[in-house]
Amino acid sequence: MDLSYSDEQKQIKEGVERFVREQYAFDTRRKIAGSEKGWLPENWAKFAELGWLGMSFSEADGGFGGGAIETMIAMEAFGSGLVLEPYLPTVVMGGGLLAAGGSAAQKEALLAPMIAGEKQFAVAYVEKQARFNLADVAVVAKKDGAGYAISGHKGVVYNAASADTIFVTARTSGGQRDEKGITVFAVDAKSAGITRRDYPTQDALRASELTFDNVKVGADSVVGKVDDGHALFEGVIDRSIVALCAEAVGCMDAINKATLEYIKTRKQFGVPIGKFQVLQHRMVDCFTNAQEARSMTLMAALKIDDADATVRKKAASGAKVQIGKSGKFCGQSAVQMHGGMGVTDELSVSHYFKRLTMIETLFGNQQHHLSRYANLSVAA
Amino acid sequence: MDLAFTKEDIAFRDEVRDFVAKNLPKDIADKVAGGKHLERDDYMRWQQALGRQGWLVYTWPKKHGGPGWTITQRYIFENTCAEMNAPSIIPFGSKMVGPVIYTFGNDEQKQRFLPDIRESSVWWCQGYSEPGSGSDLASLRTKAVREGDHYIVNGSKTWNTMGHWADWIFCLVRTNPEAKQQEGISFLLIDMKTPGITVKPIIMADGGHEVNEVFFDNVRVPAENLVGKEGEGWTYAKFLLANERLGIAAIPQSKRGVEGLKQMAKSERDGAGKTLIDDASFREKIADLEIQVTALEYTELRALSAMAAGGAPGPEVSFLKIRGSEIQQRITELAVEAVGYYAMPYQPALLWHGANEEPIGPDYAHLAAPRYFNVRKTSIYGGSNEIQKNVISKMVLGL
Ligand SMILES: Cc1cc2nc3c(=O)[nH]c(=O)nc-3n(C[C@H](O)[C@H](O)[C@H](O)COP(=O)(O)OP(=O)(O)OC[C@H]3O[C@@H](n4cnc5c(N)ncnc54)[C@H](O)[C@@H]3O)c2cc1C
């Protein structure tokens, strides 16, 4: 057994970490968050140039043959700097859908330009009534000549305003919560009938509410098989969970580091507050939580491509539960140990806390994944 | 032992209900019910209505112009107001500086300051904390040097809650740098319009402005604004803190919060064709919280009962603040959990200015995450929970 990185992986790690160090000082991030798109096209061009957009795809798909570990390495570094560029929706989610289910033509038309940095993606799957159930799909795609017409509402679609292509889950048959009957479509973001309401999120990203009103798409826009999109989609979300967990690990390390530094330097009662045992123990618990989160994320990255779907699902849900728990503990503790400074916008601490809080909800919160894990593991 | 209120208490409760129903402006009650941000004028309209009735300073004895209510009446008043969605009373004047002035101030100060506090015509803020002095308050360094019949004040205060709305500030200042830490501190009342005072906003994690830095640059304060004796400010500050401890647990607000969670859980759909309230694990989380609130409420009732019998509250009051803050935080945490993805959209215009903007999710959802971020403050201010535990372990348990 060897859980260390290869030389190529070490290089990627150093490269992404250098980018974050040099291009993502906290003040710079604040400016980027307030810029027109909420992320910088020149950063994206750099990601493409350095191969970060393609590294996790197979060579056959135009990538460089890496996988979940490479994604984990990049996402962890992005998390440590609260990077705003839409790597998760574009590369991990959208790219992931194409890699897992796209036709040769779709890969050529969409995946290749994405890897080259020329296309951005968004994935529209959240529905108000569905909570975290990916199979609760009310958006419909009706047969319309040779193609389909999509209608309905999708919520909290990250990166929709910047996306060229929006992947949409829609119901082509079956009842509203049936797994069978869900189809994934790749929809041109400029299609007639799409209305967008854009907004910033709590953690300074951008998302949109999307209304589809009889949006016409061709039969060639189906990703994977008609009616069989659920398994494809769930698999990609599970992979995205691992990437998100890695981002959270980066956030936790950064927030713990900032807190440790703070309690070593902030003085009250004539001593650094880190001399008080109650804070020492809490800091140790933060450290432990981050370590557990890192371990679970690595475990999930190693198992996410397992042929057995149950193994994969348990890995993703287990990691997500751990990240939710650890992220909450590290976030709340960091704020508390910073005293008043912790609740201000001025320090980065509150921004990491906000991101960790949103991460806990994204793709299903602790409770959701605990139930999913229990059903897969304990009940099985 | 009898849990029930007496006939007189019930008549009193009806009187309070009747008053609130007639005098609490509907727009304000709606804002409170919806968890919306209140403006200075909202607080003032309600506090002035209470002031006209003589109820704003409901904890004061009759001889200082309060209603002289019993402990039970105060409890009924607080709960009734909270149930009917009245805003919390801003404590700085009526609960903090007022009692200090009537206990330690001279007659001239009582005549000058107390009527405005009773009527809420003046907004007070609290100037204790400094950048270098938070938990270790006694290390404060803002200087007041006596020059003739003035003090010249230099230094800075921070975390001033609503200082940008304040007319006056009560400050702890160092008048004697030679004396032992606690003995060199004095209690000074300062008009915020005095030249040399600058107020700078601190923006909170949720994007809101509720706290400030206050800078003093050669601010001339008439010596007659010194409360009590020079060098005794620390004693008055401790008196004030003891006064602050009851009521800080925000139990009526937390009860309202638990009810709010139930409402949310009833309207949030669960992805299985039902609502979140049908989900046993979430229901149990709310139940667990309700039990925590009940334990806290009966702790407070025990303290109130002891006080009503003429005794002092026991050690139980010491942890009201700790548990009260933890419960407030848990309520907001569960709200974030309840609203799922719709905790994510950030709508500052709607949040802060009640702008005529359509909420993106259900109307309660956009408040969930900002409140969760904001309410982390409750375990930090008013003596952090770590400091509270240090005090309890020492003073109550003798460790
Ligand atoms: C929203 C808000 C409103 C406020 N409003 C006011 C106001 O109106 N007026 C005013 O004067 N002040 C106000 N405060 C200030 C508040 O009282 C201080 O923030 C508080 O006393 C903590 O001080 P600090 O922020 O400097 O944290 P620090 O004292 O630096 O504490 C940092 C951390 O160290 C811990 N710590 C410190 N000492 C010890 C110890 N001995 N043992 C164990 N742990 C310890 C603390 O618990 C905390 O976790 C407000 C604060 C906030 C956040």
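A polar contact is a pair of N or O atoms within 3.5 Å. Keep that cut-off at hand for the exercises below, and bear in mind that this is a predicted model.

**Exercise 1. Find where the ligand lies, and which residues come nearest to the ligand.**

Solution.
- Step 1: Begin with the chains. The ligand sits between chains A and B.
- Step 2: Now look at the residues around the ligand. There are 31 of them, and the nearest are A:Arg266, B:Ser135, B:Trp159, B:Thr161 and B:Ser384.
- Step 3: Turn to the elements that build the shell. Helix H8 (277-303) and helix H9 (309-337) of chain A each give at least two residues, as do strand E3 (150-161) and H13 of chain B.
- Step 4: Sort the shell by class. The result is 15 nonpolar, 13 polar and three charged residues.

**Exercise 2. Examine the polar surroundings of the ligand's oxygen atoms, and work out how much of the ligand the protein buries.**

Solution.
- Step 1: Start in chain A. An N or O atom in the side chain of A:Arg266 is 2.7 Å from an oxygen atom of the ligand, and the cut-off to compare with is 3.5 Å.
- Step 2: Cross to chain B. B:Ser135 places a polar side-chain atom 2.6 Å from a ligand oxygen, while B:Tyr128 uses a polar backbone atom, 3.0 Å from an oxygen atom of the ligand.
- Step 3: Finish with the area. On its own the ligand exposes 970 Å², and 95% of that is buried by the protein.

**Exercise 3. Describe the interface of chain B and chain A: its area, its residues and its polar pairs.**

Solution.
- Step 1: Take the area. The two chains bury about 4,100 Å² between them, with 58% of it on carbon and sulfur atoms.
- Step 2: Ask who contributes on chain B. B:Tyr341, B:Met344 and B:Phe373 supply 19% of the area that chain B buries against chain A, more than any other three residues.
- Step 3: Count the residues in contact, which gives 51 from chain B and 50 from chain A.
- Step 4: Look for pairs. The interface has 28 residue pairs in polar contact, both residues being at pLDDT 80 or more.
- Step 5: Classify the side of chain B that touches chain A. You should get 25 nonpolar, 14 polar and twelve charged residues.

**Exercise 4. Locate salt bridges, across the interface and within chain A.**

Solution.
- Step 1: Two salt bridges cross the interface of chain B and chain A. A:Lys328 and B:Glu333 make a salt bridge, 3.1 Å from N to O.
- Step 2: Over all chains, the whole structure has 39 salt bridges.
- Step 3: Within chain A, A:Lys180 pairs with A:Asp228, their closest N and O atoms being 2.8 Å apart. A:Asp228 is in the loop between strand E8 (222-223) and helix H7 (229-265), and A:Lys180 is in the loop between strand E4 (165-171) and strand E5 (182-188), so the pair ties together parts 48 residues apart in sequence.

Terms used
Residues are numbered from 1 along each chain as its sequence is written. Chains are lettered from A and ligands numbered from 1 in the order in which they are written. This is a predicted model: local features need pLDDT of at least 70, side-chain atom pairs count only at pLDDT 80 or more; totals for chains, interfaces and linings use all residues. Side-chain values use heavy atoms; hydrogens and water are left out. Contact means heavy atoms within 4.5 Å. Buried area is the accessible area (1.4 Å probe) that two parts lose on being put together, summed over both. A salt bridge is a side-chain nitrogen of Lys or Arg within 4 Å of a carboxyl oxygen of Asp or Glu. A polar contact is a pair of N or O atoms within 3.5 Å; within protein, one must be able to donate a hydrogen and the other to accept it, and residues adjacent in sequence count only if both atoms are side-chain atoms. Ala, Val, Leu, Ile, Met, Phe, Trp, Tyr, Cys and Pro count as nonpolar, Asp, Glu, Lys and Arg as charged, and the others, Gly among them, as polar. A residue is near a molecule or strand if one of its heavy atoms lies within 4 Å of it. Accessible areas come from the Shrake-Rupley method with a 1.4 Å probe; for residues, only the protein chains shown count as cover. Helices (H or I, at least four residues) and strands (E, at least two) are DSSP runs, numbered from the N terminus.
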